[in-house]
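These notebook entries record what I looked up, step by step. I began with the chains and then turned to single elements.

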Amino acid sequence: MSHSPSAALPVGHYAYDDVDRTFLKQRVAQFKDQVERRLSGALTEEEFKPLRLMNGLYLQLHAYMLRVAIPYGVLDAKQMRTLAHIARTYDRDYGHFTTRQNIQFNWIRLEDTPEILNVLADTDMHAIQTSGNCIRNVTADQFAGAAADEVLDPRVYAEILRQWSTLHPEFTFLPRKFKIAISGSQQDRVAARFHDIGLISREGENGRPVFEVFVGGGLGRTPIIGVRLRDDLPEEDLIAYLEAVLRVYNAHGRRDNIYKARIKILVQALGTEEFLNQVNAEFAAMDRARYRLPESTVEAIRARFGAPDFAPAGNAAEKLAAQRKADRAFDAWVHTNTHPHKQSGYCSITISCKPAGGIPGDVTSAQMDLLADLAERYSFGELRITHLQNVVLGHVRQDALYDVWQALEKNGLGEANIGFITDIVACPGLDYCALANARSIPIAQKLSSRFANADLQREIGPLRLNISGCINACGHHHAGHIGILGVDKRGEEAFQITLGGSAGDGDASIGQILGSAMSEDETVDAIARIIDTYLSRRTAGERFIETCRRLGTAPFKDAAYATA
Amino acid sequence: MDRRNSRRDAEGTSVITANRLLDGRIVWLAADGQWTTLIQDAKLYPNSAVEEALKARNARAQEEALVGIYGVQVTETASGPLPVTSRERIRAAGPSVHPDFTPDWHAPHPAPYA
Amino acid sequence: MPLLENGQIIQDTWQIAVEGVSLPAGDVLVPLARLSEGLGRNSDGRLGVVLSSADEVETLRDALPRLDVVALTFPVFRDGRPFTQARALREHLHFKGEIRAGGHVLPDQYEFLLRCGVTAIDLPGSSDPAVWQRAHEAFTVAYQPSILKEQAEGFAFRRRLA
């Protein structure tokens, strides 16, 4: 092993102690009891459903689906092996990484679930609040603790929010689900403006962080960009302020129509000013001392995170440069799949879970085991799942990249397509999901095959392609430069194309629908023509999204619906 | 119940389906009153008689350990009943992206509970 | 109906106002619409008020010192507004009397109710009290402060449940 952490603490995530473990075991016992009461008839299906959802268990099209939480997307090698074990033992040998940095298993049996939760708890994992009308898994920047432009490590705050929101007595039966994201740099890599609450941190005057607070953003059937409630929320008021927002929402969010129950609808109905007034009134009236987040608490949580023990850079950069020169395919992969690291001699790598013609986000148990081995060997045992359904090794020495790439290549994980058109985000769609109108995966596979040529992808350049199988928008189609939305046309599947969406970096926008829905094959052809239009109309160095904004949708619409 | 599930014409033929409570798997009501994993074995009902049959089966859902019982309109084909909607065709056949995961799929390595 | 307090069944001595009938003597619970009638009642019995989940607890501010019970109502267990009502009664209005929760509540919500300031549960007719008693003893740890004066458990916001 080339690295060993300086302490016994896991690198990149919070280390559980006996109190945390006791908590999990008690919750597993509670779920076991709930299952027994359901089987005996003491709980009706209507009553049981929210309780199982609170533990991540859905009844989908073919079976139960279990969504396991990966807090702020970080897990360690041992935990990844637990996921592989679950895939092999209780499922069909694979899992699916989600856009909320979690993993889901598609073929779970209700009767096995208490045991699975126990197995998860043995490596400090759970499925709590991965579904249901509660505060969901808090997401964070996938390059946290590594990115060169980072102001502070958002994972410490994401962990504080995870703990605070876990089985919160007041906020576990909200009008609807509630999603929080936090970015540790001014570069918004978490789509903060598309969350119920989005937090962007920066350093304040006394060296402690302050937060910009966005509220009421979201996708789904009413895509809205969040409004800024606070510009400079001090660290010590973070919990108190979120309590105030959630209290207003819990008391006044609509409960008569699930399609109008998200906080974004409340913010729109009241208007930003009135919503802000109500939050401020609550914030002023509350017992602030009780909810104060003192520096000592932040530091106590931070002390439970292991930090990587970096080695001197040596000639790592030179060695990498030579290897890139010698191997063109490796060079292309380094170009697309690595991200600058704050530590000299290191970089972060993004491992593509989008092989040509494959299912976006699906990995086999053998691949999970390989990822665990690589993390252990090359990245201090730490792995991250991204909201674009890929895997990141945060801290890899530059002179180890070639070895890592070769191992990935051999196991179907070496695709050099991060940020390109085949780095497709897709929900499970009608192949699995009980809510879907159309299948997302087959059209993703066709597009991935259509654009598989590496030179063509490079030629097209950065392009986000997102696919949702229904208006609930789990594939974030509104936020894709190109979005595809599955619809139901009298019982048959059809697809709408949206254009011009974007998730982050200060230019969030919502994609515009091009026109009427088409069949799967027509849609694939239409997208090929949209790409041709871009390639012929772009100015030098202009990215796809920029051409869309400059030209508007008209020429792309003409291309999409051209039948000649 | 999901409105899309009960998309039935006045005329026509349907079968009855549900998910098993214990493992979530899809089942179809056969002529002998048993539930089967294969739609080929499902009993055909004229649509005029489906509501009544559903009512009777729903009353027994807890004792039969079933959830989400509903009727699915089908056309009769040489290879058995074929649902009219793509959703129900996928339910009957398994996910299209894993042709090996047919309704009678078995784990190559039996799980510990088997 | 049986009343549950501290995980134990106790006798409920309160009467509920009957619509269209004048208020009886003794301890009585009135709906919000009949609060002033209750306050003006010429009786030495105690008074409580029944809120729906849509009512604003703020409307009780003036009357609260003269109330012994506030009864919150879950129209369905998924409607989480009574949690906020209970917590606001304790935290904002400093109500020291009994807060009851009734309607469609589940034993799986018992811990949450207690930590929001509810003190008694009006058990639904079909409830098994043993399941509620179990729920009362099942958990020893929570992850956030509540309106109860719970001891810290180690660091951060963790609390030891009695």
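**Entry 1: Contacts between chains.** I took two residues to be in contact if their C-beta atoms, placed from the backbone, lie within 7 Å. The model I examined is a predicted one. With that cut-off, I found 25 residues of chain B in contact with 25 residues of chain A. I then asked which element gives the most to the side of chain B that touches chain A. Helix H3 of chain B, residues 86-93, does so with four residues. By class, I noted twelve nonpolar, seven polar and six charged residues on the side of chain B that touches chain A.

For the other partner, I recorded 30 residues of chain C in contact with 34 residues of chain A. Helix H2 (81-91) and helix H3 (110-115) of chain C each supply at least two residues of the side that touches chain A. The largest share of that side, five residues, comes from H2(C). The side of chain C that touches chain A comprises 13 nonpolar, seven polar and ten charged residues.

Which two chains have the most contacts among the two pairs that touch? They are chains A and C. Chain B and chain C do not touch, and I noted 17 Å between their nearest C-alpha atoms.

**Entry 2: Confidence and annotation of chain A.** I looked up the pLDDT of chain A and found an average of 95, with 98% of the residues at 70 or above, that is, scoring at least 70. Over residues 1-7 of chain A, however, pLDDT stays under 50. For residues 1-7 of chain A the model has 13 contacts beyond four places in sequence.

I also consulted the UniProt record, an unreviewed entry. Its annotation "domain: Nitrite/sulphite reductase 4Fe-4S" covers residues 131-283 and 422-559 of chain A. Within residues 131-283 of chain A, I recorded 31% helix and 18% strand, and the end C-alpha atoms are 28 Å apart.

**Entry 3: A sheet of chain A and the helix on it.** I traced an open sheet of five strands in chain A, in the order S1-S2-S5-S4-S13, with antiparallel pairing. Strand S1 (57-59) and strand S13 (362-364) of chain A are the edge strands, each pairing on one side only. Direction ignored, neighbouring strands of this sheet are turned by 30° against each other on average.

I examined one pair more carefully. Strand S4 (residues 94-97) and strand S5 (residues 103-108) of chain A pair in the antiparallel sense over two bridges. In this pair, A:Phe97 stands opposite A:Ile103 in S5(A). H3(A) packs on the sheet, where it touches strand S2 (64-68), S4 and S5 of chain A. The direction of H3(A) makes about 15° with that of S5(A).

Helix H3 of chain A spans residues 77-90, and A:Lys78 is in it. Is A:Lys78 buried or exposed? I counted 16 other C-beta atoms within 10 Å, so A:Lys78 is partly exposed. In space, A:Lys78 and A:Ala473 are 32 Å apart, C-alpha to C-alpha, and in sequence they are 395 residues apart.

**Entry 4: The sheet of chain C.** I traced eight strands of chain C forming an open sheet in the order S2-S1-S8-S7-S6-S5-S4-S3, with mixed pairing. Strand S2 (8-10) and strand S3 (15-16) of chain C stand at the edges with a single partner strand each, so one side of each has no neighbour in the sheet. Strand S5 (residues 47-50) of chain C pairs with S6(C) in the parallel sense over three bridges. C:Val49 stands opposite C:Val70 in S6(C).

**Entry 5: Helix H2 of chain C.** I returned to H2(C), which lies across S6 and S7 of chain C and runs at about 160° to S6(C). Why is H2(C) largely enclosed by the rest of the structure? It is because ten of its eleven residues are buried. Among the buried residues of H2(C) I listed C:Phe83, C:Ala88 and C:Leu89. The buried residues pack against helix H6 (238-252) of chain A, and also against strand S6 (69-74), strand S7 (98-103) and H3 of chain C.

I chose C:Ala88, in helix H2 of chain C, for a final check. C:Ala88 counts as buried because it has 24 C-beta neighbours inside 10 Å. Not counting residues up to four places away in sequence, C:Ala88 touches C:Val57 and C:Leu93.

Conventions:
Residues are numbered from 1 along each chain as its sequence is written. Chains are lettered from A and ligands numbered from 1 in the order in which they are written. This is a predicted model: local features need pLDDT of at least 70, side-chain atom pairs count only at pLDDT 80 or more; totals for chains, interfaces and linings use all residues. Ala, Val, Leu, Ile, Met, Phe, Trp, Tyr, Cys and Pro count as nonpolar, Asp, Glu, Lys and Arg as charged, and the others, Gly among them, as polar. UniProt positions are given in the numbering used here, feature names are shortened, and annotations may be inferred rather than shown by experiment. pLDDT is the predictor's confidence in each residue, from 0 to 100. A residue is buried if 20 or more other C-beta atoms lie within 10 Å of its own, exposed if 12 or fewer, and partly exposed in between; C-beta atoms are placed from the backbone. Two strands pair if DSSP finds at least two bridges between them. Axes are lines fitted to C-alpha atoms, for helices over the stretch in contact, and angles run from 0 to 180 degrees between N-to-C directions.
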